[in-house]
Amino acid sequence: MATDRTANVVWQGDLMNGSGTIEQVPSGAFGPLDVSWASRAEEPNGKTSPEELIAAAWASCFAMALSNGLAKAGNPPEKLETSATVTFQPGEGIIRGALTVRGTVPGLDEDGFREAAEDAKQNCPVSQALSGIPDVSLDAGLSS
């Protein structure tokens, strides 16, 4: 069954001087969130950006995909610590993405973990949506 998720934004003014608000989402999980060109292309100053929201979506989707892949292979993780970075270059768009994951996975070696992480990177729905990013890296390893 397909699911729809909705977010609404109200923007006022032009790009450089205007600002917007991502209204509270129907789930109630977040919002309102302020957004502006300066928060996107310069310093956030307490406001978010589309790329920050994409990074949050990517990190959570990747962690879900990796957890599922590991469990299906017989090695359910105890813990996955994941971060995603999305780099925005004004005038060019999103130019780079980076995933970092450290996992606690009993019974799995580094090579097996890296292989599972690479599979999750290729196959999580958000990674697939971001497939046009020219430079995507993955740093995966087991926690010490």
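Cysteine 61 sits in helix H2, which covers residues 50–72. The model is a predicted one. In it, cysteine 61 has a relative accessibility of 12%, so the residue counts as buried, the limit being under 20%. What does cysteine 61 touch beyond its sequence neighbours? Leaving out residues up to four places away, the contacts are Cys124, Pro125 and Val126. Proline 125 is 64 residues away along the chain. Even so, the C-alpha atoms of cysteine 61 and proline 125 are separated by 7.1 Å.

Now take the whole chain. The protein has 144 residues, and 30% of them count as buried. Four helices and six strands make up its secondary structure. Their order along the sequence is β-β-β-α-α-β-β-α-α-β. The C-alpha trace spans about 55 × 30 × 25 Å along its principal axes. Contacts can also be sorted by sequence separation. Among those with a separation of 6 or more, 50% join residues 24 or more positions apart.

The strands come next. Strands of a sheet pair through backbone hydrogen bonds, in either a parallel or an antiparallel sense. E1, E2 and E3 form an open sheet of three strands, in that order, with antiparallel pairing. E1 and E3 are the edge strands, and each pairs on one side only. E3 covers residues 33–36. Neighbouring strands in this sheet are turned by 20° against each other on average, with direction ignored.

Look at the first pairing in detail. E1 runs over residues 9–12 and E2 over residues 19–22. The two are antiparallel and share four bridges. Glutamine 12 has serine 19 in E2 as its bridge partner. Six residues lie between E1 and E2, which form a hairpin. In the turn, glycine 13 has a positive phi of about 95°.

E2 also pairs with E3. This pairing is antiparallel too, over four bridges. Which residue of E3 stands opposite serine 19? It is serine 36. Serine 19 therefore has a partner in each pairing: glutamine 12 on the one hand and serine 36 on the other.

Serine 36 belongs to strand E3. Is serine 36 buried or exposed? Serine 36 is buried, because its relative accessible area is 10% and the limit is under 20%. Residues up to four places away aside, serine 36 touches Trp11, Gly18, Ser19, Lys47 and Thr48. Ser19 in that list is the residue opposite serine 36 in the strand pairing.

The second sheet uses the remaining part of the pattern. E4, E5 and E6 form an open sheet of three strands, in that order, and the pairing is mixed. Its edge strands are E4 (79–89) and E6 (135–142), each paired on one side only. The twist from one strand to the next averages 10°. E4 and E5 are antiparallel, with 11 bridges between them. E5 covers residues 93–104. Lysine 79 has threonine 104 in E5 as its bridge partner.

Helices pack on this sheet. H2 touches E4, E5 and E6, and its direction makes about 145° with that of E4. This is the helix that holds cysteine 61. H3 also lies across E4, E5 and E6, running at about 145° to E6.

H3 covers residues 110–123 and includes lysine 121. Is lysine 121 buried or exposed? Its relative accessibility is 13%, so lysine 121 counts as buried under the 20% limit. What surrounds lysine 121, apart from neighbours within four places in sequence? The contacts are Phe62, Leu99, Ser127, Val136 and Leu138. Leu99 falls within the residue range of E5. Val136 and Leu138 fall within that of E6. Phe62 falls within H2.

Last, the surface and the charges. The accessible surface comes to about 8,800 Å², and carbon and sulfur atoms account for 49% of this area. The protein has 9 positive and 19 negative charges. How far apart are the mean positions of the two sets? They are 2 Å apart.

Key
Residues are numbered from 1 along each chain as its sequence is written. This is a predicted model: local features need pLDDT of at least 70, side-chain atom pairs count only at pLDDT 80 or more; totals for chains, interfaces and linings use all residues. Side-chain values use heavy atoms; hydrogens and water are left out. Buried means under 20% relative accessible area, exposed over 50%, partly exposed in between (1.4 Å probe, protein chains only). Contact means heavy atoms within 4.5 Å. Axes are lines fitted to C-alpha atoms, for helices over the stretch in contact, and angles run from 0 to 180 degrees between N-to-C directions. Accessible areas come from the Shrake-Rupley method with a 1.4 Å probe; for residues, only the protein chains shown count as cover. Lys and Arg count as positive and Asp and Glu as negative; His and the chain ends are not counted. The place of a charge is taken as NZ of Lys, CZ of Arg, CG of Asp or CD of Glu.
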